[in-house]
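Me: I would like to understand how the descriptive words used for a structure follow from its values. Could you take me through the reasoning step by step?

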Amino acid sequence: MICFEKITKTYGKRLVLDNISCSLPKGKITSLIGPNGAGKSTLLSIISRLLDADQGKIYLDDICISDYKSGDLAKRLSILRQSNHIDLRLTVRDLVAFGRFPYSKGRLTADDQVQIDKAIHFAQLEDMAHSYIDELSGGQRQRAFIAMIIAQDTDYILLDEPLNNLDMKHAVLVMKTLRRLVDELGKTVVIVIHEINFAAQYSDYIIAMKDGKIVYNDETDQVVQAHTLKEVFGIDFDIITKNGKNICNYFNIET
Amino acid sequence: MIYAGSIVSLLVLIWVSLFTGVKDIAMRDVFAMNSDQLLVFTIARIPRAIALVLTGAGLSVAGFIMQQLSQNKFVSPTTAGSLEAAKMGILFSILLIPQASIGMKSVAALLFTLAANLLFMLMVRRVRFRSSVFIPLVGIMFGNILAAVSTFFAFKHGIVQNVQEWMIGDFSSVLQGQYESIYLILPAVVLAYIYADQFTIVGMGASFAKNLGISYSTIVNLGLFAVSLTVSVSVVTAGAIPFLGLIVPNMVSMMMGDNLRRTLPMTALAGSIFLLFCDILGRTIIFPYEIPIGLMVGVIGGIIFLFLILRRNR
């Protein structure tokens, strides 16, 4: 389980995270939602040690993440951010193979090769395994990066806006892949996500943030309610229930 | 296959290089040279061939590493001010210690190059406008500023001509007893190969590297050290050779991709071949005189560089 306690972060004079504490349940998908500037990405970066908090501690399975060796933590927790440099000419398989780096340090063993093949298969990228990533579409490339994270084989997988710039088909494909990671492989997935309905359909828990604070932290259907979402985003929502899951409409609502 | 072909052409070019020059040494004389020929062979020809191979391989690999570290295909010792910094280092070592040995010049050049490379990386990270052509422009301006400072001090001490001599690389002065520091390129290239995976990963960005448990700053500093060592000893030995670290890595990258573990050997080979080729050409065009290799590489490299820019911006 990931726990964080009393996390505070400021950029200059602006308070981005205001003394927040929470825990993220194991074996589930948790979505972080909230308006721009709520501190979601900052929180994700701090949990994944890409950024240092001003105050507060993060625990991964009851051990403070600053007590892990960098190489060991890379076998437990992975983070995928949007700002990946894609000018590089690597094949999909080469990219996925880098996911094994924490284990092999560059000398791939037979077991690493098996893991790489499994990851490519899991992300359904067999056809493109030998294509260069700079020649793929945005959606294919994103799945290639996710395949790399799968090859990294960490219990905890953190993703910052994995659906950015993806069309609907690829967005659904990515979310289904994440769902299977949790349901079939028992991973814990934490994502920052903008499209509220993707969070509503595919995640188990939702943490709603606003102005550097957590305002709601509950099961998905409890958070996807008209009054809670209005409080978070400041606009009106219509909640429709379909197949036992809430969908929200926020277009053309008369007030 | 491509490796076998490259190795064969490298060996052929080394062979040709050994038997090209004013002193007539025929290939059939190899095992029956008179003392005069043997002297030329061991003092000038062999060191020259070795220096060409090492410099070509070293500068190309250095270029590839710089492109990974800065995440920009157009960054190289030529377009990041490294060559100018090395020259500045040599200048200041001569100004401060007029009888500076080659070793002292190398150390001074290394320190200046390292400082300039660190500064350049700092600038790259600060630049918000990360267009692929903008960053090398910043680097070229940076190099020109360094060169201007050097020229100022050289002018004050009346050694402008010497400084200009270093501007244009030339292997004709590579002689036994004066070129040995070039061997320092060897450990730099080996280091680059050992850390090839780390350099590729760092090329994907800081957060990407950290996710895989790699210390970003350690690898960047290691890379800059290897690059600075290569650039400084090559400038001390042969002078500035432009474009090599730019065009060779780009051409290898186009053909074989950017996975350094796979492409570094080819980059080194291609660099050596290109430099040997330019050198032999420069030695034969106006035989018995010589066109400095800096000029040869500059002309051929400049044309290829233009081609690369146009191709990329299409």
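Me: Why are helix 4 of chain B and helix 10 of chain B called oblique to each other?

Reply: In this predicted model, helix 4 (residues 102-126) of chain B and helix 10 (residues 216-238) of chain B pack at an angle of about 135°, with their axes 8 Å apart. Angles over 145 degrees count as roughly antiparallel and those from 65 to 115 as roughly perpendicular, and about 135° falls in neither range, so the two helices are oblique to each other. Helix 4 of chain B passes helix 10 of chain B in a right-handed crossing.

Me: What makes up the contact of helix 4 of chain B with helix 10 of chain B?

Reply: The residues of this contact divide into 14 nonpolar, 6 polar and 2 charged. Among them are Leu110(B), Leu114(B) and Arg125(B) in helix 4 of chain B, and Leu224(B), Phe225(B) and Ser232(B) in helix 10 of chain B.

Me: Which strands stand at the edges of the sheet in chain A, and why?

Reply: The sheet is an open one of 4 strands in the order 2-1-4-5, with antiparallel pairing. Strand 2 (14-24) and strand 5 (63-64) of chain A each have a single partner strand, so one side of each is left without a neighbour in the sheet, and these two stand at the edges.

Me: How do you know that strand 1 of chain A pairs with strand 4 of chain A?

Reply: Pairing needs at least two bridges, and 5 bridges join strand 1 (residues 2-11) of chain A to strand 4 (residues 55-60) of chain A, so the two strands, which run antiparallel, count as paired. One of the bridge partners in strand 4 of chain A is Tyr59(A), which is matched with Cys3(A).

Key. Residues are numbered from 1 along each chain as its sequence is written. Chains are lettered from A and ligands numbered from 1 in the order in which they are written. This is a predicted model: local features need pLDDT of at least 70, side-chain atom pairs count only at pLDDT 80 or more; totals for chains, interfaces and linings use all residues. Side-chain values use heavy atoms; hydrogens and water are left out. Axes are lines fitted to C-alpha atoms, for helices over the stretch in contact, and angles run from 0 to 180 degrees between N-to-C directions. Angles under 35 degrees count as roughly parallel, over 145 as roughly antiparallel, 65 to 115 as roughly perpendicular and the rest as oblique. A crossing is left-handed if the near helix is turned anticlockwise from the far one by less than a right angle, and right-handed if clockwise. Contact means heavy atoms within 4.5 Å. Ala, Val, Leu, Ile, Met, Phe, Trp, Tyr, Cys and Pro count as nonpolar, Asp, Glu, Lys and Arg as charged, and the others, Gly among them, as polar.
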